[in-house]
Amino acid sequence: MREVQTRTGAGRAVVIGGGIAGLAAAHRLLDAGRRVTVLEASDRVGGKLLPGEIAGARVDLGAESMLARRPEAVALAREVGLAGRLQPPATASASIWTRGALRPMPRGHVMGVPGTASALAGVLSDEGLARIERDADLPRTEVGEDVAVGAYVAERLGREVVDRLVEPLLGGVYAGDAYRISMRSAVPQLYQAAQRHDSITEAVREIQARAADGPQTGPVFMGIAGGVGQLPLAVAQAVRARGGEISTSAPVTELRREASGGWRVTTGDRVLHADAVVVAVPAPAAARLLRAEAPAAAAELDGIEYASMALVTLAYRRSDTDLPEGSGFLVPPVDGRTIKASTFSSRKWGWIADENPDVVVLRTSVGRYGETEILQRDDDHLVEVSRRDLAAATGLDATPLETRVTRWTGGLPQYPVGHHARVARVREHVGKLPGLAVCGAQYDGVGIPACIASAYAAVDQLAGDSRGVEELTAHPVQSLHGGAGE
């Protein structure tokens, strides 16, 4: 096969990966005056931000909301012309399906960790609430360099807090196991406060007091009319309008350093030469690309595990549904149900209800880290178990107009104890190679704003400014897929 040499010259940057992180990096590189080429292996851009349709209704088949208290995602949406379509959720109330009933989601907690026992009244048993009260009398529990959220909270407050609330909330973010997930990476504000207090409830109250004293900046979360999946499409359009090139169905097969100091990027029969490369693909693909030039970074990336999940989207005639109030519910795995959450999309997003007055859309999520058997079942089975659990939780037993199953195989990177240190080692190794940077969900957060922030930090690193990377370590991660608990 004849290679087509693309002489790009100085000032050319190649972004490998067309998810939201890669597209945000391309947008930022154009701001910096670079000429940009984005190479995406699949046939579309957007990664896990996927717009779709069911029963004539526009919906998201992946991520559905963005954290608005972090500025990156909302600001980027405004920059690419989506300001008029930004919408907060129509309702912020949600439930938790536990101990046989839908119960209001408690308030006054940090990722399920309460400041007082009374904050979890109605969700925990009397014994569980009494166990929380013992926290103030227990000797200090050191967090060290890192600690699992579930293990630490269970030691301070008892397992019931973890199993009934922390686990479903963290599971909504990572599809992971709270007893493995790093506190330092997943809930950094709690990790930092726990270093200053002997009591975890005191630490939570400090966090809440700081939040109360801070500026109130509007909704916590934000969506986009037409779906959050519109964001990568708008960013891609903006990149192209400014002269950037985006190629889909263009998997990169080799990334090599050149004697000139630049980079050689091979995709198909095309070879690109650039002075800067941003690798914005998941850890397995990044490891493969970096193995030749940054083997130590590749080895670290090989150690990052992923969880798989499926989203089941269902559409019903409005006349056939009578759902409970609120945006949906979370499900603690300890209760033995198949679904992990359900979002009442037509309730949560006003634009869906306005566009489809006769149709009700909702969705469930299935699968988490370590659960592989259920995801091996066919789509019909996943729809069946979702309908069965929905009927048990809400009484909904109507026949849907249409169903769709979207599988995210290896979709969510896991953040176990020590993840922060692993990411630091990856960046240290990559940083030894001028003109190379990495970004994406496997580093500093799985949510949309965190992915965009990692892209900006990568571009800043290429310009010799490491402040963006330092800033990333100080912010909590947020859910990519979103859930009722938002």
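Let's start in the middle of things, with strand 21: eight of its eight residues are buried, so the strand is largely enclosed by the rest of the structure. Keep in mind as you look around that this is a predicted model. In a regular strand, side chains alternate between the two faces of the sheet. Strand 21 is covered on both of its faces. On one side sit Val 359, Val 361, Arg 363 and Ser 365, and on the other Val 360, Leu 362, Thr 364 and Val 366, every one of them buried.

Now look at what flanks this strand. Strand 18 runs antiparallel to strand 21 and is joined to it by eight bridges. Within that pairing, Leu 311 has Ser 365 as its bridge partner in strand 21. Strand 20 also pairs with strand 21 in the antiparallel sense, this time over four bridges. Ser 365 turns up here again, standing opposite Ala 341.

Step back and you can place these strands in an open sheet of seven, ordered 9-8-19-20-21-18-22, with mixed pairing. The edges belong to strand 9 and strand 22 (402-413), each of which pairs on one side only. On average, neighbouring strands in this sheet are turned by 30° against each other, ignoring direction. Helix 14 (residues 379-394) packs on the sheet and touches strand 8, strand 9, strand 18 (306-317), strand 19, strand 20, strand 21 (359-366) and strand 22. If you compare directions, helix 14 makes about 65° with strand 18.

Walking along the sheet order from strand 20, you come to strand 19. Strand 19 (residues 328-330) and strand 20 (residues 339-343) are antiparallel partners, with three bridges between them. Here Phe 329 stands opposite Ser 342 in strand 20. Further along are strand 8 (residues 95-98) and strand 9 (residues 101-104), an antiparallel pair with four bridges. Trp 97 faces Leu 102 in strand 9 across that pairing. The two strands make a hairpin with just two residues between them, and Arg 99 in the turn has a positive phi of about 50°.

At the other edge, have a look at Thr 406 in strand 22. With a relative accessible area of 11%, Thr 406 falls under the 20% cut-off, so Thr 406 counts as buried. What is Thr 406 in contact with, leaving aside its neighbours within four places in sequence? The partners are Leu 50, Leu 61, Met 309, Ala 310 and Leu 311. Leu 311 is the residue you met above as the bridge partner of Ser 365.

There is another sheet to find. Three strands form an open, antiparallel sheet in the order 6-12-7. Strand 6 (66-67) and strand 7 (86-87) are its edge strands, each pairing on one side only. Strand 6 is joined by two bridges to strand 12 (residues 221-224), and these two run antiparallel. In this pairing Leu 67 stands opposite Phe 221 in strand 12.

Now for the helices, where helix 1 is a good anchor. Two packed helices are described by the angle between their axes and the distance between the axes. Helix 1 (residues 20-31) and helix 9 (residues 230-241) have axes that come within 10 Å and cross at roughly 30°. The two are therefore roughly parallel to each other, and helix 1 passes helix 9 in a left-handed crossing. The helix 1 residues involved include Leu 23, His 27 and Leu 30, and those they meet in helix 9 include Leu 231, Val 235 and Val 239. By class, this contact of helix 1 with helix 9 has eleven nonpolar, one polar and no charged residues.

Helix 1 also packs against helix 17 (residues 448-462), at an angle of about 40° and with the axes 8 Å apart. That makes helix 1 and helix 17 oblique to each other, and their crossing is right-handed. On the helix 1 side of the contact you'll find, among others, Ala 21, Ala 25 and Arg 28, while the helix 17 side includes Ile 452, Tyr 456 and Asp 460. By class, the contact of helix 1 with helix 17 has twelve nonpolar, no polar and two charged residues.

Methods
Residues numbered from 1 in each chain as written. Predicted model: local features only at pLDDT ≥ 70, side-chain atom pairs only at ≥ 80, totals over all residues. Heavy atoms only, no water. Pairing = 2+ DSSP bridges. Axes fitted to C-alpha atoms, helices over the stretch in contact; angles between N-to-C directions. Parallel < 35°, antiparallel > 145°, perpendicular 65-115°, else oblique. Left-handed = near helix turned anticlockwise from the far one by under 90°. Contact = heavy atoms within 4.5 Å. Nonpolar A, V, L, I, M, F, W, Y, C, P; charged D, E, K, R; others polar. Buried < 20%, exposed > 50% of the residue type's maximum accessible area, 1.4 Å probe, protein only.
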